[in-house]
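Biologist: Please take a close look at one part of this predicted model, beginning with a single pair of residues and working outwards from there. I should like a connected account of the surroundings of that pair.

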Amino acid sequence: MQAPLKTAKAWKQLEAHCSRIKRSHLRDLFATDPNRAKNFSLLWNGIYFDYSKNLIDRAIFDSLIQLAEERQLKRHIEEMYTGQKINRTENRAVLHVALRNTSNSPIFVDNCNIMPQIVETRNRMMEISDMIRTGQWKGYSGKKIKNVVNIGIGGSDLGPRMVIEALRVYTHPELSISMVSNVDGAHLSETLRHLDPEETLFIVVSKTFTTQETIANATSAKSWILERFKDHAAIMFHFLGISANKKAAVEFGISTSNILNMWDWVGGRYSLTSAVGLSIMIAIGGDAFMQLLEGFHAVDNHFRYEELNRNIPVIMALLGIWYINFFHTQSHAVIPYAQYLDQFLNYLQQADMESNGKRVDKEGNLVDYATGPVIWGGTGTNAQHAFFQLLHQGTQLVPCDFIGFINPLNPLGDHHSMLLSNLLAQTQALAFGKTKQEVIEENIPEPLAQHRTFAGNKPSNCLLLDKLTPYSLGQLIALYEHKIFVQGIIWDIYSFDQWGVELGKQMADKILPHLMRVDGLPVENDMSTNALIRHILEIRK
């Protein structure tokens, strides 16, 4: 049991530092330290991390590192990597790092080395992927599979969806990979509208195989297949299952040989490198999937072994703590200047907000400090024409991460240089702004000058990677995963459960029979919900 966070010596130091630094401006911090850009940046394994445009100085940085040391971060990291049951509310280990342990060095859970079963499952994924990509996997009628539809939700959808979109340029040119998650019938209907059942394979991903949305979509997909073939034997040709509940998957109709395992020591939002990522492997191939794992593994080792003051995810996390807990910011924007990362924010929202959106500490006490921020953003340059007005001249302080790739995947004229010039310009404008005097010197009339003044002093990080590849994407995702872990440790909360998701599910199960008129009019709901139900039923008449 740790001492209360606010009693930490470093916490007290940071409170004092905050009062002091608020009287400074980034223009002054750069002016007084000619080596600031070098002192507050890191170059590691193809990643250039510039955090010099943050409201910090050396004393603040040292206190942030001291806070991590006082909270025994290194010990907590080792507990995760060595398979201890750090998810104590569910009595589970947290070992997504084992899934990308490409060195295959032993990792133990309950005195059992789990690496052989991981390798076995990955090899089976390779077999299935190769059969589909080479046309050897045939449907019930003998036609080659050309369409793969992944059915899942949350971590069983967002991770694979993001990676497949991010690595679109590496995907098989003759395969269509679709993702279905929403229980809204429009999602499945529009996905299937132009597909041929004879050429379509479904991957049903659910750890429990009871997730309402996933099973509803899978059941409708099964009906779609059976409408064409009129034979339940067709299911084994057109369905794969990814689940820890093999019995339920078999009862659904999926052949035992078509079911890949999930483990309780992998949380859904950290599972894309497990069998949950089968759709990824089918899309990009086994070799590229292994490169993705290698990128994850490189950052996993960096996070585990690098000193805290040179550890990129640790520094990212501590800077977030600095703004959330001392500047009282409530959100954090992430802006990738890469169209292929269009789905990255959706993925990151779940990874961060489902992990650290907690209001009690590990002992069950209400915390008296802020925890997880609202994660939001968009892709540059589109985001510049959407919400950057608020970032530059709004009243809220929003720390930002800018992500860019130095070399393009699609060399097209000057497009990529224009893209990167916008990225760099935005970090510069946020940091240094534009004074009223500078505006007036541009011959702008006095009454308009204030409207064109930019306060600046808005903090940001910049992550530059060489090129968007499977390897670099694995690196990028792992950086954010470990950032989330560090913040959970500092805040003394459990980052690997998600009990806040459950209540709405339970209530939906109670409301559903009323909407289906199974058990008469509602009697157990509040008057507002009852009125809404009655209105729905009346309109449906």
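Modeller: In this predicted model, V334 stands opposite G377 of strand β11. V334 falls within strand β10, which covers residues 331-336, and β10 and β11 pair in the parallel sense over 4 bridges.

These two strands belong to an open sheet of 6 strands, whose order is β1-β2-β13-β12-β10-β11 and whose pairing is mixed. At its edges are β1 (41-44) and β11 (374-377), each of which pairs on one side only. From one strand to its neighbour in this sheet, the average turn is 15 degrees, with direction ignored. G377, the partner of V334, is therefore part of an edge strand, since β11 spans 374-377 and pairs on one side only.

Two helices lie across this sheet. Helix α21 (residues 470-491) lies across β1, β2 (47-50), β10, β12 and β13, and runs at about 155 degrees to β13. Helix α18 (residues 415-432) lies across β12 (400-407) and β13 (460-467), with an angle of about 150 degrees to β12. Strands β12 and β13 are thus crossed by α18 and are also among the strands crossed by α21.

V334 appears again among the contacts of F344. With neighbours within four places in sequence left aside, F344 is in contact with M162, V334, P336, I403, L476, I477 and Y480. V334 and P336 lie within β10, residues 331-336, while I403 lies within β12, residues 400-407. L476, I477 and Y480 come from α21, residues 470-491. F344 therefore touches residues of two strands of the sheet and of a helix that lies across it.

F344 is also one of the residues with the most contacts inside the largest nonpolar core, together with W265, W322, I403, L473 and F485. This core has 124 residues. In soluble globular proteins, nonpolar side chains tend to be buried together. Apart from the largest core lies another, of 24 residues, which include I151, L188, F209 and I225.

A second sheet deserves a place in the picture. It is open, has 5 strands in the order β6-β5-β7-β8-β9, and its pairing is parallel. Strands β6 (176-180) and β9 stand at its edges; each has a single partner strand, so one side of each is left without a neighbour in the sheet. The twist from one strand to the next averages 20 degrees. Within this sheet, β7 (residues 200-205) and β8 (residues 239-243) pair in the parallel sense over 4 bridges, and F239 in β8 is the bridge partner of F202. Helix α10 (residues 212-229) packs on the sheet and touches β5, β6, β7 and β8, its direction making about 160 degrees with that of β7. Helix α7 (residues 115-133) lies across β5 (147-151), β7, β8 and β9, at about 145 degrees to β9.

After β9 (259-261), the loop leading to α13 (278-284) holds D264. With a relative accessible area of 42%, D264 is partly exposed, because that value lies between the 20% limit for buried and the 50% limit for exposed residues. Residues up to four places away in sequence being set aside, D264 touches R92, A93 and K207. Between D264 and T208, the separation is 56 residues in sequence and 9.9 Å in space, C-alpha to C-alpha.

To return to the chain after β11, T381 is placed in the loop between β11 and α17 (388-393). A cis peptide bond, with omega of about 5 degrees, joins G380 and T381. Backbone angles also mark two other loops. N443, between α19 (436-440) and α20 (446-449), has phi near 65 degrees, a positive value in a residue other than glycine. D110, in the loop between β3 (108-109) and β4 (112-113), likewise is not a glycine and has a positive phi, of about 55 degrees. N443 is exposed, with a relative accessible area of 71%, and D110 is exposed as well, with 57%.

As for the setting as a whole, the protein has 23 helices and 13 strands. Of its 541 residues, 53% count as buried. Among contacts between residues at least 6 apart in sequence, 74% join residues at least 24 apart. A compact globule of 541 residues would have a radius of gyration near 24 Å, and the 25 Å of the protein agrees with this.

Methods:
Residues are numbered from 1 along each chain as its sequence is written. This is a predicted model: local features need pLDDT of at least 70, side-chain atom pairs count only at pLDDT 80 or more; totals for chains, interfaces and linings use all residues. Side-chain values use heavy atoms; hydrogens and water are left out. Two strands pair if DSSP finds at least two bridges between them. Axes are lines fitted to C-alpha atoms, for helices over the stretch in contact, and angles run from 0 to 180 degrees between N-to-C directions. Contact means heavy atoms within 4.5 Å. A nonpolar core is a set of buried Ala, Val, Leu, Ile, Met, Phe, Trp, Tyr and Cys residues joined through side-chain atoms within 4.5 Å. Buried means under 20% relative accessible area, exposed over 50%, partly exposed in between (1.4 Å probe, protein chains only). The radius of gyration is taken over C-alpha atoms; the globule rule is 2.2 Å times the number of residues to the power 0.38.
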